[in-house]
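Biologist: Could you take me through one small part of this model up close? I'd like to start with a single residue and then see what else is going on around the protein.

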Amino acid sequence: MRLTVGQAVVRFLANQWTERDGVERRAVAGCLGIFGHGNVAGLGQALLQAQRTGEADLPYRLARNEQAMVHTAAGFARMSNRLSTYACTASIGPGSTNMLTGAALATVNRLPVLLLPSDIFATRAASPVLQELEDPGGYDVSVNDAFRPLSRFFDRVWRPEQLPSALLGAMRVLTDPAETGAVTVCLPQDLQAEAYDFPDALFDKRVWHVARPLAEPAFVARAAAVLRNARRPLLIAGGGAVYSEAAGELDQFARETGIPVADTQAGKGALSWDHPNSVGGVGSTGTPVANRLARDADVIIGVGTRYSDFTTASRTAFQNPDVAFVNINVAAFDAAKESAYPIVADARSGLSALLAALDGRRFETDFEADVVTWQATVDHAYHLGHGPLPAQTEVIGAVNEACGARDVVVQAAGSLPGDLQMLWRARDPKQYHVEYGFSCMGFEIAGALGIKLADPSREVFAMVGDGSYLMMAQEIVTAVAEGIKLVVVLIQNHGFASIGALSESLGSQRFGTSYRYRSANGDYDGAHLPVDLAANAESLGANVIRCRTIADLADGLKRAREADRLTVVHIETDPLAPVPSSESWWDVPVPQVSALSSTQEAHTVYEAAKRLQRPYL
Ligand SMILES: Cc1ncc(C[n+]2csc(CCOP(=O)(O)OP(=O)(O)O)c2C)c(N)n1
Ligand SMILES: [Mg+2]
């Protein structure tokens, strides 16, 4: 079949499918893009031809920023339990390098995204092309080499003959739950337009079976022996439990063993917040209930978790001197963490195998009374009555109470992830999407767009701080153009509540973290800036509801739900309002010497906390 490389890529991608548990889905549901000279006539023409002729079904969606479009693809993949994603085409140079942050986010979070950066001329006929890096030490180097460490698969196709192997390699990694992440195939600008006789078989429908790898019996036997002898086990549910759709198995495991279940940011919702075994978030931003159980536990069962420092409270969460880890993870790399007894398996099959090997062993752990007390604390935080400006915890309460069980909350950075992990009452495994592998400011609206594309039947609430909004609000325009309805809850607190509080706790006095005029002493402690983010959102085409009080907000959220177009609900909050304590810690080093007494005092506190940190060997 004589096609250009661009046409071949589009035709190939339109014919890739995934299958798990007998259900088939499109592996690549469409292509997000921004055109420039690197792709407008190559992939751009191919996408146009596909749309005009119907010869390939790969809908094109015009994004407003390349980083954001990768976030959209990652959100889509996350909502699709990694069984489907989007491709992203960018022009050469800055269009492509803009995708680097998105690539890192996808790889860190183990989410499949297919990146198609355009590249410098393969023939070198017109070199240096506009935006070419030019490395005097090697003419095959381009800015796209920066994708290599961020991608789980990277290839650059210099010749049409290489395209089939590159595309097949890309699909293998995208659809492998253990290896998946950013997959990058660089397409030189001239190559995209070059014609070649591709074998017809390349374009046949191809179904990639997404495996549920079974645990090796020896793994299970060793882990079960350790767990049978435990007295105070705790299970930590991570993202893998959600992606493998293991909620039913997790529920059964918890009920039959009596083991309490804590969650990570990616695992929240795997069990409903009011499940009898649910103890909420664990680690730096977890609940005191989960953190007390973690402190004393003798066996930690990690299901689909990568043990980030927030989960382990920078390796201070688990203080039992004999603590052992049993990790169920589809990736051997993650299963081995914290010197665990690994069960390298799909979360669902691994949980079933471990439960069977426990021979009915039940554990007597008493946490119910603590959970009741904690939930009273959450209720209090939801209805604080803080003034004159409301507290963020009240905003979270209002959004949670406005949400039905299937509605979705999206967040990524600032003070919200911690507050949400502690306070959000999740009722469905696909309700809670806090991107906290990369915690990337600006993910919220773009990611929410992908989540909504993946499941238009759900109401999607993106909660966005003013810092994140100022970094990346432009995908509101994409949503407006596509007719995609989101609810954006925009929290104005004039700067970084999160890093401000962190700075203060580390002795750095909130330096450089507020959005105010610079005053004569050089600090940003002047008046608030004349920034009107609600007006900004309006100017981008959003329906905007301005709220002053929590009662306004409750009403605004109701109206936003009823609206048929993207609605921004704007509210100003007090960045200094109180938040319940997690009784936990996060390791952020404080300078060992300082001319400032605030830093010296913080260093003394830091040294004391640091003593609880331990390797798990
Ligand atoms: C892209 C990016 N840059 C910097 C950071 C570091 N950082 C984490 S939170 C934060 C401030 C977020 O401000 P805002 O969105 O207003 O949330 P708030 O802290 O006020 O809740 C910064 C700068 C980050 N996570 N991501
Ligand atoms: Mg803020």
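Modeller: Sure, and keep in mind that this is a predicted model. Let's start with aspartate 455, which counts as buried because its relative accessible area is 15%, and the cut-off for buried is under 20%. Aspartate 455 pairs up with arginine 458 in a salt bridge, where the closest N and O atoms sit 2.9 Å apart. Arginine 458 is buried too, with a relative accessible area of 8%. Elsewhere, salt bridges with shared partners tie Asp21, Arg212, Glu249, Asp346 and Arg348 into one network.

The structure has 34 salt bridges, so let's pick out a couple more. Lysine 268 bridges to aspartate 263, with 2.9 Å between the closest N and O atoms, and both of these residues are buried. Then there's glutamate 338, which forms a salt bridge with arginine 315 at 3.0 Å between the closest N and O atoms. That pair links distant parts of the chain, 23 residues apart: glutamate 338 is in the loop between helix H12 and strand S17, and arginine 315 is in the loop between helix H11 and strand S16. Glutamate 338 is buried at 7% relative accessible area, while arginine 315 is partly exposed at 38%.

Now for a charged residue with no such partner. Arginine 82 is buried yet has no salt bridge, and the nearest side chain of opposite charge, aspartate 346, is 7.1 Å away. You'll find arginine 82 in the loop between helix H3 and strand S6. Its contacts include Arg110, Pro112, Tyr243 and Val330.

Next, the metal. The magnesium ion (ligand 2) has Asp466, Asn493 and Gly495 as its protein donors, lying 2.0 to 2.1 Å from it. Aspartate 466 in helix H18 and glycine 495, in the loop between strand S21 and helix H20, are 29 residues apart in the chain. Aspartate 466 is buried at 2% relative accessible area, and glycine 495 is buried at 7%.

Asp466 turns up again with ligand 1: of the 15 residues around that ligand, Ser415, Ser439, Asp466, Gly467 and Ser498 come nearest. The backbone gets involved here as well. A polar backbone atom of serine 439 is 2.8 Å from a nitrogen atom of ligand 1. For glycine 467, a backbone N or O atom lies 2.7 Å from an oxygen atom of the ligand, and for serine 468 a polar backbone atom is 2.9 Å from an oxygen atom of ligand 1.

How values were computed: Residues are numbered from 1 along each chain as its sequence is written. Chains are lettered from A and ligands numbered from 1 in the order in which they are written. This is a predicted model: local features need pLDDT of at least 70, side-chain atom pairs count only at pLDDT 80 or more; totals for chains, interfaces and linings use all residues. Side-chain values use heavy atoms; hydrogens and water are left out. Donors are N, O and S atoms within 2.8 Å of the metal (3.2 Å for Na, K and Ca); water is not among the atoms, so sites may look incomplete. Helices (H or I, at least four residues) and strands (E, at least two) are DSSP runs, numbered from the N terminus. Buried means under 20% relative accessible area, exposed over 50%, partly exposed in between (1.4 Å probe, protein chains only). Lys and Arg count as positive and Asp and Glu as negative; His and the chain ends are not counted. A salt bridge is a side-chain nitrogen of Lys or Arg within 4 Å of a carboxyl oxygen of Asp or Glu. Contact means heavy atoms within 4.5 Å. A residue is near a molecule or strand if one of its heavy atoms lies within 4 Å of it. A polar contact is a pair of N or O atoms within 3.5 Å; within protein, one must be able to donate a hydrogen and the other to accept it, and residues adjacent in sequence count only if both atoms are side-chain atoms. Lists of a residue's contacts leave out its neighbours within four places in sequence.
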